[in-house]
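Please look through the structure below, and keep the sequence at hand. We will walk through a few of its features.

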Amino acid sequence: MGSGEPVIFLHSGYSRGILAFASQMLDFQRAYTCYFPDFRGHGRTRCESLEWSTPQLVDDIIVFMNQLGIPKAHLIGYSLGANVGLYLAVHHSDRVVTLTTIGTSGFCDPTGVEQFEPEWIVAEGLHGMIHQMTERHQEAHKGNWEEHMRQAARDWRLYPQLTESQLRGIRCPSLFITGEHDAFAGEERVKHLSSLVKGSQYLVVPGGSHSPHMIREKPILVNDTILPFLNAHIISE
């Protein structure tokens with residue numbers, strides 16, 4: 001939706017494009033053509049296998065861009081999508097205009113993943129989560145929410161697998177965002193990530209959690225930070 005240079009929004013695990021970035025849609029489409037794809041295994045994207053991984057999602061986004069004739073794009077990634085964005089900036093730098101991440105430290109951290117395993121969810125009687133995962137990803141996993149959760153946990157435990165040297169090699173303009181109280185990123189970790197990527201910027205959202213860009217947190221602050229960052233790196237003019 002929208003018009004202007006392409007911006008590809010990369011959603012978090014357990015979510016999908018239009019949900020993870022609902023608070024960005026109206027603001028960004030005024031100046032950019034916005035794409036909100038669902039990763040394989042998520043939302044409405046269907047494929048034969050339920051297996052996926054962060055590197056595989058990276059390959060999918062390149063195919064997605066090729067199919068739509070998008071030579072380069074601004075990337076905005078949240079959590080899992082932020083890691084996908086980092087991989088794209090490392091391995092496909094010629095396709096990335098700018099990179100914005102929300103909620104990643106840039107390094108693998110499986111803290112808390114066990115609470116997203118299907119066995120734990122069933123034992124705790126979290127029927128609401130089961131219903132949400134089944135409904136949200138029905139077309140992608142045909143109701144097999146358990147395998148969806150197992151695959152997501154598997155990926156969480158393994159990725160990202162990027163070295164400091166690889167992160168130092170990122171040359172595109174980069175903006176790293178975290179909530180003040182984000183257990184998976186946070187100020188100290190994002191400062192470290194920013195110190196590795198030459199010329200990058202970072203934002204710590206006061207009072208923010210892992211999702212500071214969402215409706216009940218600080219979407220105006222986040223949007224008003226990202227938009228000028230993108231505007232400063234327009235490629236068509």
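What follows covers an annotated domain, the cysteines and one asparagine.

Keep in mind that this is a predicted model. Start with the domain. An unreviewed UniProt entry lists residues 7–217 as "domain: AB hydrolase-1". Find the two ends of that span. Their C-alpha atoms lie 22 Å apart. Helix makes up 41% of the span, and strand makes up 15%.

Now turn to the cysteines. A disulfide is a covalent bond between the sulfur atoms of two cysteines. How many disulfides does the structure hold? The count is 0. Why does Cys34 not form one? The closest cysteine sulfur to that of Cys34 belongs to Cys172, and it is 18 Å away, so the gap is too far for a bond. To count as a disulfide, the two sulfur atoms must be within 2.5 Å. Seen from the other side, the result holds too: the sulfur of Cys172 has its closest cysteine sulfur in Cys34, at 18 Å, which is too far for a bond.

Are these cysteines buried or exposed? Cys34 has a relative accessible area of 2%, so it is buried. Cys172 has 10% relative accessibility and also counts as buried. The cut-off for buried is under 20%.

Last, find Asn223. It sits in helix H11, which runs over residues 219–231. Asn223 is buried, because its relative accessible area is 1%. Which residues does Asn223 touch, leaving out those up to four places away in sequence? They are Ser23, Gln24, Asp27, Phe28 and Pro228.

Definitions and conventions
Residues are numbered from 1 along each chain as its sequence is written. This is a predicted model: local features need pLDDT of at least 70, side-chain atom pairs count only at pLDDT 80 or more; totals for chains, interfaces and linings use all residues. Side-chain values use heavy atoms; hydrogens and water are left out. UniProt positions are given in the numbering used here, feature names are shortened, and annotations may be inferred rather than shown by experiment. Helices (H or I, at least four residues) and strands (E, at least two) are DSSP runs, numbered from the N terminus. Buried means under 20% relative accessible area, exposed over 50%, partly exposed in between (1.4 Å probe, protein chains only). Contact means heavy atoms within 4.5 Å.
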